[in-house]
Amino acid sequence: MALFTSSQALEASPTIHKLLARLHAESEAQETSWSQKIFYVKRLFRNYLWGVNWNAASDDHMRTKFVALEQDKCQLVYLLARAFNAKNIVEAGTSFGVSTIYLALAVGQNVQRAKALTGEPVFGKVVATEKEPSKAVRAREHWKEAGPEVEDWIELREGDLRETLTVEEGLPGQIDMLLLDIWTPLALPALEIIRPRLSAGALVVTDNTIGARPLYKDLLDYLHDPANGFKTTTVPYSKGLEVSVYLPSISDC
């Protein structure tokens, strides 16, 4: 049933459908384990009691975890990217590269369609970010397994995104979509770096804004401030998904 649902939402080869089904199953098994549930509960308590959002022990625990965007959310992100004709996307928090596959498929298909319609050269890519080297290795393995309809559309920037996303070389002048699937302290910094490049009408999608709402306070305050130019709503997927549209005033465009 999952594969049938996926095939309704996603235009991809059978190889990619099978790969995604396997990766989502592995990620879900991790996320539903008791050790992972306890980790998330402890994280919330540390934030409530001591204001500790993230630490080195958290990094150690998560180093081998997928923490992939759930399949239904990935399908929505893919469809949004296709509907908005997104050709340049930034992903803050790549992990093992599961959601990146969906983004790359959308970008590649949007670019190919635009070329076919106009006959002109059209360019696009997904700029993905990952701090953990071992996760970057796994992500590249998955993209290679997916093949050129995915791998050819991705540029992976390894390291702290507060540094890698400030490197202007290769970063598109206009960004059509930003996916924030990153540890909460880095969500707002990532948005602030990318915001000057967001095209009018660009999408910003943020995961887990119900389940980790207290940890996203700074980001949500920023999105809700009219001066920053966003209109936003929380979609009631599991643990929440924030969908925001960048609508700056005419004078800011």
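**Exercise 1. Charges over a ring**

Which residue lies over the face of F96 at 4.5 Å from the ring centre? State also where K135 lies.

*Solution.* The model is predicted.
Step 1. R138 lies over the face of F96, and its distance from the ring centre is 4.5 Å.
Step 2. K135 also lies over the face of F96, at 5.6 Å from the ring centre.

**Exercise 2. The overall make-up**

Determine how many helices and strands the protein has, and what share of its residues is buried.

*Solution.*
Step 1. The protein holds 11 helices and 7 strands.
Step 2. The protein has 253 residues, of which 51% count as buried.
Step 3. Take the contacts between residues at least 6 apart in sequence: 74% of them join residues at least 24 apart.

**Exercise 3. The sheet**

Give the strand order of the open sheet and name its edge strands.

*Solution.*
Step 1. The sheet is open, has 7 strands, and follows the order 3-2-1-4-5-7-6 with mixed pairing.
Step 2. Strand 3 (154–158) and strand 6 (230–235) each pair on one side only, and these are the edge strands.
Step 3. From one strand to the next, the twist averages 15 degrees.
Step 4. One parallel pairing joins strand 4 (residues 175–180) to strand 5 (residues 198–207) over 5 bridges. Here L178 stands opposite V204 of strand 5.
Step 5. An antiparallel pairing is found between strand 6 and strand 7, with 6 bridges. T234 has E242 in strand 7 as its bridge partner.
Step 6. The hairpin of strand 6 and strand 7 has 5 residues between the strands, and K239 in this hairpin takes a positive phi near 65 degrees.

**Exercise 4. A residue of strand 5**

Is T206 buried or exposed, and which residues does T206 touch?

*Solution.*
Step 1. T206 is found in strand 5.
Step 2. The relative accessible area of T206 is 0%, so T206 is buried, the limit being under 20%.
Step 3. Leaving aside residues up to four places away in sequence, T206 touches L180, Y216, L219, G240, L241 and E242.

**Exercise 5. The nonpolar cores**

Identify the residues of the largest nonpolar core that touch the most other members, and the helix that gives the most to this core.

*Solution.*
Step 1. In soluble globular proteins, nonpolar side chains tend to be buried together.
Step 2. The largest nonpolar core has 41 residues, and those touching the most other members are I89, I101, W143, V150 and M177.
Step 3. Helix 6 (residues 98–118) gives the most to this core, namely 10 residues.
Step 4. A second core, separate from this one, has 28 residues, including V127, L165, A202 and Y216.
Step 5. Now consider W143. Not counting residues up to four places away in sequence, W143 touches T94, G97, T100, I101, A128, V150, E151, I154 and L156.

**Exercise 6. The aromatic cluster**

Which residues do ring pairs link into a cluster, and why are the pairs described as tilted?

*Solution.*
Step 1. A pair of aromatic rings is described by the distance of the centres and the angle of the planes.
Step 2. A search of the whole structure finds 2 aromatic pairs. One of them is Y222 with F230, a tilted pair with 6.3 Å centre to centre and 50 degrees between the planes.
Step 3. F230 and Y246 have ring centres 5.0 Å apart and planes at 45 degrees, so this pair is tilted as well. The reasoning needs the limits: planes under 30 degrees apart count as stacked and over 60 as edge-to-face, so the rest are tilted.
Step 4. F230 belongs to strand 6 and Y246 to strand 7 (residues 241–246), so their pair ties together parts that are 16 residues apart in sequence.
Step 5. The ring pairs thus link Y222, F230 and Y246 into a cluster.
Step 6. Y222 counts as buried at 14% relative accessibility. F230 counts as buried at 6%, and Y246 is buried with a relative accessible area of 8%.

**Exercise 7. Positive phi values in loops**

Where are S95 and N208 found, and what is the phi of each?

*Solution.*
Step 1. Most residues other than glycine have a negative phi.
Step 2. S95 is not a glycine, yet its phi is positive, near 55 degrees. S95 is placed in the loop between strand 1 (88–92) and helix 6, and S95 is buried, with a relative accessible area of 7%.
Step 3. N208, also not a glycine, has a positive phi of about 70 degrees. The loop that holds N208 runs between strand 5 and helix 11 (217–224).

Notes
Residues numbered from 1 in each chain as written. Predicted model: local features only at pLDDT ≥ 70, side-chain atom pairs only at ≥ 80, totals over all residues. Heavy atoms only, no water. Core = buried A, V, L, I, M, F, W, Y, C linked by side-chain atoms within 4.5 Å. Buried < 20%, exposed > 50% of the residue type's maximum accessible area, 1.4 Å probe, protein only. Helix = DSSP H or I, 4+ residues; strand = E, 2+ residues; numbered from the N terminus. Contact = heavy atoms within 4.5 Å. Pairing = 2+ DSSP bridges. Axes fitted to C-alpha atoms, helices over the stretch in contact; angles between N-to-C directions. Phe/Tyr/Trp six-rings, centres within 6.5 Å; stacked < 30°, edge-to-face > 60°. Lys NZ or Arg CZ within 6 Å of the ring centre and 35° of its normal.
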